[in-house]
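Trainee: Could you show me how to read the interior, the helix faces and the pocket of a model, taking each feature in turn?

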Amino acid sequence: MSLKRLQLTLAIFKPDITAQPHIIKEVRSMLLQHKFYFIRSKELRLSRQRAEEFYQEHKGKFFLNRLVSFMSSGPLSAHILARDNAVQEWRRLMGPTKVLRTIHEDADSIRGMYGLTDTRNCTHGSDSPESAAKEIAFFFPEFSIDHWYREDESCYREGKVFYDNDTGMHMLQR
Ligand code: DAT
Ligand code: MG
């Protein structure tokens with residue numbers, strides 16, 4: 001049993017793979033195999049404005065317009081994931097940002113296997129615990145990270161949870 005406090009991160013399954021249910025299934029299965037917990041999940045669409053807000057750190061970059069158009073082009077899903085070292089481990093599973101290089105350099109990663117272009121690159125993952133907190137608040141304003149650590153974290157860490165196939169989330173065994 002791990003004694004290390006679990007970390008939370010924010011994952012997005014982007015519109016390219018949301019349109020491909022078999023890829024979503026495979027990505028979920030990779031996350032489960034790698035011992036991630038699905039804490040909350042939500043399916044939604046982003047308006048252009050919300051997508052711009054989410055990616056405001058990239059304001060002025062040449063790819064922003066393409067990125068925002070893509071992210072607001074169809075349904076996507078957002079997930080709060082928990083694991084030991086979740087931020088880094090989720091980014092490792094995703095693979096590097098630029099698909100056209102990743103296809104060769106990290107072929108077994110999600111982006112390496114399923115990425116289509118540098119824009120349509122399957123998934124998002126927070127790049128630090130601080131970004132994770134901000135991004136979780138962006139998609140799950142009703143979720144309290146403090147409350148989760150106080151009330152639920154130890155149950156997940158001790159494995160007192162089960163994966164519910166119907167909701168695609170882990171539930172506490174209370
Ligand atoms: P990541 O999604 O790996 O955190 P990022 O934060 O640097 O990467 O960029 C956000 C998204 O913007 C990325 O997933 C795809 C797009 N993007 C970044 N760099 C790009 C580039 N050089 N060409 C095209 N799209 C790019
Ligand atoms: Mg990023």
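Mentor: We will go through the nonpolar cores, then two helices, then the largest pocket, keeping in mind that this is a predicted model.

Trainee: Which residues have the most contacts inside the largest nonpolar core?

Mentor: The general idea is that in soluble globular proteins nonpolar side chains tend to be buried together. In this structure the largest nonpolar core has 30 residues, and those with the most contacts inside it are Leu-8, Ile-39, Phe-139 and Trp-148. At least two residues of this core come from each of the strands S1 (7–13), S2 (37–44) and S3 (76–83), and likewise from each of the helices H3 (48–54), H4 (64–71), H8 (129–139), H9 (145–151) and H10 (153–157). The largest share, five residues, is that of H4.

Trainee: What does Trp-148 touch, leaving out residues up to four places away in sequence?

Mentor: Trp-148 touches Leu-6, Leu-8, Ile-39, Ala-82, Phe-143, Glu-153 and Tyr-156. Apart from the largest core lies another one, of 18 residues, which includes Ile-23, Met-30, Phe-36 and Ile-110.

Trainee: Which residues of H2 are buried, and which are exposed on the other side?

Mentor: To read a helix face, one takes the buried residues, those under 20% relative accessible area, and looks at where they point around the axis. Helix H2 (residues 21–33) has 13 residues and reaches 18 Å from its first C-alpha to its last, close to the 18 Å expected at 1.5 Å a residue. Its buried residues are Ile-23, Ile-24, Val-27, Arg-28, Met-30 and Leu-31. Because these cover an arc of only 160° around the axis, they lie on the same side of H2, whereas Pro-21, His-22, Lys-25 and Gln-33 are exposed on the other side. Just after H2, Lys-35 takes a positive phi of about 65°.

Trainee: How would the same reading go for H8, and which of its residues are buried?

Mentor: In H8 the buried residues are Ser-131, Ala-132, Glu-135, Ile-136, Phe-138 and Phe-139. They cover an arc of only 155° around the axis, and therefore fall on the same side of H8; on the other side, Glu-130 and Lys-134 are exposed.

Trainee: How many residues line the largest pocket, and which lie nearest its centre?

Mentor: For a pocket, one asks about its volume, its lining and the elements that supply that lining. The largest pocket here holds about 450 Å³ of space and is lined by 21 residues, with His-58, Phe-63, Leu-67, Thr-97 and Asn-121 nearest its centre. H4, helix H5 (86–94) and strand S4 (123–125) each supply at least two residues of the lining, and H4 is also the element that gives five residues to the largest core.

Terms used:
Residues numbered from 1 in each chain as written. Chains lettered and ligands numbered in written order. Predicted model: local features only at pLDDT ≥ 70, side-chain atom pairs only at ≥ 80, totals over all residues. Heavy atoms only, no water. Core = buried A, V, L, I, M, F, W, Y, C linked by side-chain atoms within 4.5 Å. Buried < 20%, exposed > 50% of the residue type's maximum accessible area, 1.4 Å probe, protein only. Helix = DSSP H or I, 4+ residues; strand = E, 2+ residues; numbered from the N terminus. Contact = heavy atoms within 4.5 Å. Expected span 1.5 Å × (residues − 1). Arc of directions from axis to C-beta. 1 Å grid on protein atoms, 1.4 Å probe; cavity = no way out; pocket = protein on both sides within 12 Å on 5 of 7 lines; lining within 4 Å. Points joined across faces, edges and corners; volume = space filled by probe spheres on them.
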